[in-house]
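Welcome, and please open the structure in your viewer. We will go from stop to stop, selecting a few residues each time and looking at what is there.

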Amino acid sequence: HSATRDIGGIRISPYACQRRTTLKNYNQKLTDAFEILVENYEFNENKEFCLAFGRAASMLKCLPFTVVQVNDTEGLPWMGEQVKEITEDILEEGESSKVKAVLNDENYRSIKLFTSVFGVGLKTSDKWYKMGLRTLEEVKCNKNLTLTRMQKAGFLYYDDLISSVSKAEADAATQIVQDTVWKILPDAVVTLTGGFRRGKQAGHDVDFLITVPGSRQEEELLHTVIDIWKTQELLLYYDLIESTFENTKLPSRKVDALDHFQKCFAILKVHKERVNEGSAVQSKVFAEEETKDWKAIRVDLVVTPFQHYAFALLGWTGSRQFERDLRRYATHEKKMMLDNHALYDKTKKIFLSAANEEEIFSHLGLDYLEPWERNA
Ligand code: DCP
Ligand code: MG
């Protein structure tokens with residue numbers, strides 16, 4: 001599986017952290033199809049197939065040309081037999097019967113629908129499906145179910161939360177976060193992370209990383225931010241998770257496990273007047289009919305000690321596939337362990353410190369990739 005190939009004199013690596021993947025995707029038709037299969041295998045907890053199709057999709061995203069025949073993928077890493085078959089179907093028939101079957105599958109459709117509610121994961125979705133429930137109306141009307149506080153918020157703000165967050169809305173949220181944080185600690189660093197840092201124009205939430213140069217001033221920060229937002233009535237939902245971080249703990253390989261930093265998963269009330277979409281004229285026309293002048297937006301705030309900021313920034317910028325490959329590369333090519341907190345050299349038995357992302361790439365012997373080149 002570690003085949004490499006030259007494209008325009010550039011060797012294509014099986015690791016996403018050695019490929020520059022921008023948002024320009026010449027093979028979206030194929031990658032969309034593979035991502036549907038990835039999602040389906042995720043729902044069925046088939047890790048092996050999840051990885052296989054995820055890696056294939058990610059590989060196709062970095063190509064500087066559109067694949068028009070299966071031969072075009074010859075020699076590329078991760079192009080297994082199944083991947084080739086589906087690629088062939090799509091290129092020749094315009095669609096894949098396998099992908100079509102998933103899209104029509106009752107289980108896939110129900111789990112997709114249920115997990116679209118904030119606070120509803122695979123376990124809950126599976127339970128609802130096995131109870132015979134198929135629609136959100138049926139869930140809401142079922143008297144035997146007890147919803148968590150998170151799920152109640154998920155249903156309450158469902159329409160706002162499924163409509164994706166625009167860059168303008170993310171900027172408005174950034175303003176709110178910065179205003180509040182800087183009122184408390186003017187030296188704090190507030191960074192927009194996640195997909196928006198990679199240059200995406202839309203996302204499902206807005207991710208922030210907060211740190212304070214100097215020592216330990218950040219510990220009370222989130223509590224104060226929350227108190228201020230409560231009095232301003234800007235918090236529609238929040239869950240504050242205290243830090244369980246220990247300096248001596250070795251990095252973990254699990255890319256989907258939550259990190260140990262203090263964080264707040266919130267739903268923020270963002271007033272439309274704060275959102276500069278460049279369509280002010282239109283919004284004025286409709287202003288009189290409108291009753292709700294705000295949108296509920298999912299916001300994640302993560303607070304890190306200053307020495308761990310670069311690792312957290314690298315970890316929270318994503319993409320998920322990029323993060324997976326970065327850790328896999330560290331483990332298998334460098335005998336190092338990397339996570340959102342630290343980098344540990346197993347040969348030298350020491351933690352390697354870093355003041356910025358460039359230094360982490362350099363410790364790993366990797367060429368630096370800009371955030372917008374990490375859209376693997
Ligand atoms: N992340 C993490 N630990 C978590 C959740 C996320 O380290 N518990 C990291 C991995 C992701 C990044 O943070 O690459 C951002 O997570 P999102 O799920 O918000 O993904 P994106 O921002 O890339 O996409 P979207 O546009 O859907 O928000
Ligand atoms: Mg995000």
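Start by selecting residues 343-345, which make up strand 11, and display strand 12 with them: 3 bridges join the two, and they run antiparallel. Keep in mind as you look that this is a predicted model. Now pick aspartate 345; opposite this residue, in strand 12, stands isoleucine 350. Zoom out a little and you will see an open sheet of 3 strands in the order 10-11-12, with antiparallel pairing. Its edge strands are strand 10 (336-338) and strand 12 (350-352), each of which pairs on one side only. On average, neighbouring strands of this sheet are turned by 25 degrees against each other, direction ignored.

**The five-stranded sheet**

Next, find the open sheet of 5 strands, whose order is 4-6-9-8-7 and whose pairing is mixed. Which strands stand at the edges? Select 189-192 for strand 4 and 235-241 for strand 7: each has a single partner strand, so one side of each is left without a neighbour in the sheet. Here, too, the average turn between neighbouring strands is given without regard to direction, and it is 25 degrees.

Walk across the sheet from strand 4. Strand 4 pairs with strand 6 in the antiparallel sense, over 4 bridges. Click threonine 191 and look across to leucine 209 in strand 6, which stands opposite. Then select residues 206-211, strand 6, together with residues 294-303, strand 9: these two run parallel and are joined by 5 bridges.

Stay with strand 6 for a moment. Is this strand enclosed or open to the outside? Of its 6 residues, 6 are buried, so strand 6 is largely enclosed by the rest of the structure. Colour Val206, Phe208 and Ile210 for one side, and Asp207, Leu209 and Thr211 for the other; they are all buried, and both faces of the strand are covered. As a general point, side chains in a regular strand alternate between the two faces of the sheet.

Carry on to strand 8, residues 262-271. Strand 8 is joined to strand 9 by 10 bridges, and the two run antiparallel. Isoleucine 267 makes a handy landmark: it stands opposite arginine 298 in strand 9, and it is also the bridge partner of tyrosine 237. Strand 7 and strand 8 run antiparallel as well, with 6 bridges between them. In strand 8, 9 of the 10 residues are buried, so this strand is also largely enclosed by the rest of the structure.

**The magnesium ion**

Now show ligand 2, a magnesium ion. Which residues coordinate it? Select Asp205 and Asp207: their OD atoms coordinate the ion at 2.1 to 2.2 Å. Both aspartate 205 and aspartate 207 are buried. Aspartate 207 has a bridge partner in strand 9, namely aspartate 300.

**Helices on the sheet**

Select residues 149-156 to bring up helix 8, which packs on the sheet and touches strand 7 and strand 8; its direction makes about 150 degrees with that of strand 7. Then add residues 221-231, helix 12, which lies across strand 6, strand 7, strand 8 and strand 9 and runs at about 165 degrees to strand 7.

**Aromatic rings**

The whole structure contains 13 aromatic pairs. For one of them, show tryptophan 128 and phenylalanine 155: the ring centres are 6.5 Å apart and the planes stand at 35 degrees, so the pair is tilted. The two residues are 27 residues apart and link distant parts of the chain, with tryptophan 128 in helix 6 (residues 122-130) and phenylalanine 155 in helix 8. Tryptophan 128 is buried, at a relative accessible area of 2%, and phenylalanine 155 is buried too, at 12%.

For a group of rings, select Phe34, Tyr41, Phe49 and Phe53, which form one aromatic cluster. Then try arginine 55, which lies over the face of tryptophan 78, 4.5 Å from the ring centre. Lysine 292 lies over the face of tryptophan 294, also at 4.5 Å from the ring centre.

**Last stop**

Finish at glutamate 42, in helix 1 (residues 28-43). Glutamate 42 is partly exposed, with a relative accessible area of 42%. Leaving aside residues up to four places away in sequence, it touches Cys50 and Leu122.

Notes: Residues numbered from 1 in each chain as written. Chains lettered and ligands numbered in written order. Predicted model: local features only at pLDDT ≥ 70, side-chain atom pairs only at ≥ 80, totals over all residues. Heavy atoms only, no water. Donors = N, O, S within 2.8 Å, 3.2 Å for Na, K, Ca; no water. Buried < 20%, exposed > 50% of the residue type's maximum accessible area, 1.4 Å probe, protein only. Pairing = 2+ DSSP bridges. Axes fitted to C-alpha atoms, helices over the stretch in contact; angles between N-to-C directions. Contact = heavy atoms within 4.5 Å. Phe/Tyr/Trp six-rings, centres within 6.5 Å; stacked < 30°, edge-to-face > 60°. Lys NZ or Arg CZ within 6 Å of the ring centre and 35° of its normal.
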